[in-house]
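New to this one? Here's a quick briefing to read alongside the sequence and the 3D view.

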Amino acid sequence: PRMSALAAQQVTARLAARVARRLAKSGRIVMSTRAAAGSSFLSGVEQAPADPILGVSVAFRESTNPNKLNLGVGAYRTEDLKPYVLDVVRQAEKRMIEADYDKEYLPMQGLAEFNEATRKLLLGEGSAAIAEGRVATVQSLSGTGSLRVGAAFIAKFMPGAVVYLPNPTWGNHKNIFADAGAEWREYRYYDKATIGLDLDGMIADLKAAPKGSVVCLHGCAHNPTGVDPTKEQWDAIADAVEANGLVPFFDVAYQGFASGSLEEDAYAPRLFERRGIEFFCAQSYSKNLGLYAERIGAINAVVNDKETAAKTLSQMNRIARAIYSNPPVHGARIAATVINDPVLFARWNEEMGEMAGRIKTVRAMLYDNLCKLNPDKDWSFVTRQIGMFSFTGLNPNQVKHMTEKHAIYMTGDGRISLAGLSQAKCEYLANAIVDSFTVE
């Protein structure tokens, strides 16, 4: 006779129990995911280390010290150490609300008005590459997303090409290229002895790199050192790149924010374009427009002919499609509105000058205080460096002392963000730095 469903379940349960007893006697234990209390199929995943930059802000928020300073994350603050939304951003958003834009998907390459504007901002009104249609531009997720699309393009279409990163470099560069499947190595950049640029070491390493290698170059305001090449040194770097058949990949995260001039801060990529050197360039509008949360940027490929630019654009679009499909529209409209309107553009230049000026002021005040406290040490590196950061030369133990004794939160490599420093806190920071240099 046919066995009832209940009887079948009972027989199955008895057989399973018998098998389990036999396995247990032989020392083997079989446990289902459900039976293992609290276990998961992902239980073998290792805990990732804390982000060396973003983790600083977490530690800062947990501190109860009233004198605490967050000099870790590169985000601009006012003299009151508050976040700042640019006036031109407010004006652009007001216009956008009045225009009653829809929220439809953008094309894979992004907002056309933004892409046109960001190319011109990078290469200038008189760019031959733009006029001849030799620039492939894809709006992407700020600088990080733009670098990621470029890294994936290199891994797919330049197989075997090694990416050379400056030592040191921004903490996320290595993750971005490695996760995209591109091998990276380092070239010499920072000279600890002079707290300046090791140009000879850099040129030697570029000459030793295999032909076709990619060299990552910070367009301005090198992160983390604040040490930038002079115009003459950029000429020498371009000579080495061209002579050795290397492919530059500019990371331009601070145009206009470093010196206060959009033109000055675009010197390097414009030099390479004038010389006919093909290159990639990632752009970000987090710093210069304060659009940190909007994730607005672009990846550009400046090449030698229009047909190659079109094919490159098609493949960068395909890569973007697989990663995030299409980019966000709100911040792109803000940037396009500001750049394309003469009145807003002029006001934006003023605001960038004001932000860069405030950082230059606290940089000079910090230098003066350091000289007063310890006149025997050469502190000139503080004012020689440019942009948001200063590379102090403090070692990890000294950085730990800065945090534990003085509640000054910074990255372990000795970098401080002067954008998070007020004039009122310059003396306090100077005292902490001088004190920490006494630690071995």
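Let's start with a polar atom on the side chain of S63: the backbone nitrogen of N65 lies 3.2 Å from that atom. Keep in mind that you're looking at a predicted model, and its protein chain has a mean pLDDT of 92.

**Around S63**
- You'll find S63 in a loop, with helix 2 (54-62) on one side and strand 1 (69-70) on the other.
- Is S63 buried or exposed? It counts as buried because its relative accessible area is 14%, and the cut-off for buried is under 20%.
- The side chain of S63 also makes a polar contact, at 3.3 Å, with the side chain of Y409.
- Which residues does S63 touch once you set aside its neighbours within four places in sequence? Those contacts are K68 and Y409, so Y409 turns up here as well as in the side-chain polar contact.

**Over at A59**
- A59 belongs to helix 2, the helix that comes before the loop holding S63.
- With a relative accessible area of 31%, A59 is partly exposed.
- Along the chain, A59 and M410 are 351 residues apart, yet 10.0 Å is what separates their C-alpha atoms in the model.

**How confident is the model?**
- A pLDDT of 70 or more is reached by 92% of the chain's residues.
- Residues 28-35 are a stretch to read with that in mind, as their pLDDT is below 50.
- Beyond near neighbours in sequence, the 28-35 stretch has four contacts in the model.

Technical notes
Residues are numbered from 1 along each chain as its sequence is written. This is a predicted model: local features need pLDDT of at least 70, side-chain atom pairs count only at pLDDT 80 or more; totals for chains, interfaces and linings use all residues. Side-chain values use heavy atoms; hydrogens and water are left out. Helices (H or I, at least four residues) and strands (E, at least two) are DSSP runs, numbered from the N terminus. Buried means under 20% relative accessible area, exposed over 50%, partly exposed in between (1.4 Å probe, protein chains only). A polar contact is a pair of N or O atoms within 3.5 Å; within protein, one must be able to donate a hydrogen and the other to accept it, and residues adjacent in sequence count only if both atoms are side-chain atoms. Contact means heavy atoms within 4.5 Å. pLDDT is the predictor's confidence in each residue, from 0 to 100.
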